[in-house]
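I opened this notebook to record what I looked up in the structure, entry by entry. The questions were about helix geometry, nonpolar cores and a few single residues.

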Amino acid sequence: MISKELQDSLIQQLNKEYQSAYIYLGMSAYCSKEGFNGAANWFLIQYQEEVTHGMKLFKYLEDQNVDIKLPLIQEVEVRFNSLLDVFQKSLEHEQTMTKNLNDLSDLAMKDKDHATYNLLQWYVTEQVEEEATVSGIIDHIKLVDGNGYGLYTIDKELSSRVFVDSTAN
Ligand code: OFO
């Protein structure tokens, strides 16, 4: 039985996963509007990933018989200053998500709730990969320093990303 405090926090996290999906949909819309179709594709896949993160948590809460609530998803930003800005905002967002997941893990550990702690470690590990990937893209964008051909090449690389359901394994 998950403690009431942890249940409420997990429901908040469920909301944050779907909020994240929506944030990435907004970022995809911005990139598409600016003609960065590869980056638009990349963020659209990020959106799909976040939906699967939400579904994994939703399923866990159902399995644990938690009374699920689905709080509102807030409006998100669709305007950014540049390709660099949108990826920097994405990294900042993921760093906040990592902090949330670490705090949740601390709570599960305090409760000696091994099942929930175990589930949360999947998310914590996923965050390491996500932050590293976005940091790598930011480094490349900084490297080309606004050069049109460089940005075109990066955008082309981003177009090759395909959706893989990481929650399936
Ligand atoms: Fe990248 O945030 Fe989900 O967990």
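The entries below go from one helix to the cores, then to a helix pair and to three residues.

**Entry 1, helix α3.** I began by noting that this is a predicted model. I then checked the length of α3, which covers residues 83-110: at 1.5 Å a residue its 28 residues should span 40 Å, and the end C-alpha atoms are 41 Å apart, so the two values agree.

**Entry 2, the largest nonpolar core.** I asked which residues of the largest nonpolar core touch the most other members. In this core of 23 residues they are C31, F43, L83, V86 and F87. I then looked at where the core comes from, and found that α1 (4-33), α2 (37-63), α3, α4 (114-144) and α5 (148-158) each supply at least two residues, while α1 gives the most, with five. For F87 I listed the contacts, not counting residues up to four places away in sequence, and they are A39, W42, F43, V134, I137, I138, I141 and L158. Apart from this core I found another one, of 18 residues, which includes L6, Y60, A108 and W122.

**Entry 3, α1 against α3.** I looked up how this pair is arranged, and the axes come within 11 Å and cross at roughly 170 degrees. Angles over 145 degrees count as roughly antiparallel, and α1 and α3 are therefore roughly antiparallel to each other. I also sorted the residues of their contact, which divide into 14 nonpolar, six polar and six charged.

**Entry 4, S90.** Is S90, a residue of helix α3, buried or exposed? Buried means under 20% relative accessible area, and S90 counts as buried because its relative accessibility is 1%. Leaving aside neighbours within four places in sequence, I noted that S90 is in contact with Y24, M27, F43 and V134.

**Entry 5, positive phi values.** I looked for residues other than glycine with a positive phi, and recorded N65, with phi near 60 degrees, and K112, with phi of about 55 degrees. N65 is placed in the loop between α2 and α3, whereas K112 lies in the loop between α3 and α4, just after α3. The cut-off for exposed is over 50%, so I noted N65 as exposed at 71% relative accessibility, and K112 likewise counts as exposed, at 65%.

Definitions and conventions:
Residues are numbered from 1 along each chain as its sequence is written. This is a predicted model: local features need pLDDT of at least 70, side-chain atom pairs count only at pLDDT 80 or more; totals for chains, interfaces and linings use all residues. Side-chain values use heavy atoms; hydrogens and water are left out. The expected span of a helix is 1.5 Å times one less than its number of residues. A nonpolar core is a set of buried Ala, Val, Leu, Ile, Met, Phe, Trp, Tyr and Cys residues joined through side-chain atoms within 4.5 Å. Buried means under 20% relative accessible area, exposed over 50%, partly exposed in between (1.4 Å probe, protein chains only). Contact means heavy atoms within 4.5 Å. Axes are lines fitted to C-alpha atoms, for helices over the stretch in contact, and angles run from 0 to 180 degrees between N-to-C directions. Angles under 35 degrees count as roughly parallel, over 145 as roughly antiparallel, 65 to 115 as roughly perpendicular and the rest as oblique. Ala, Val, Leu, Ile, Met, Phe, Trp, Tyr, Cys and Pro count as nonpolar, Asp, Glu, Lys and Arg as charged, and the others, Gly among them, as polar.
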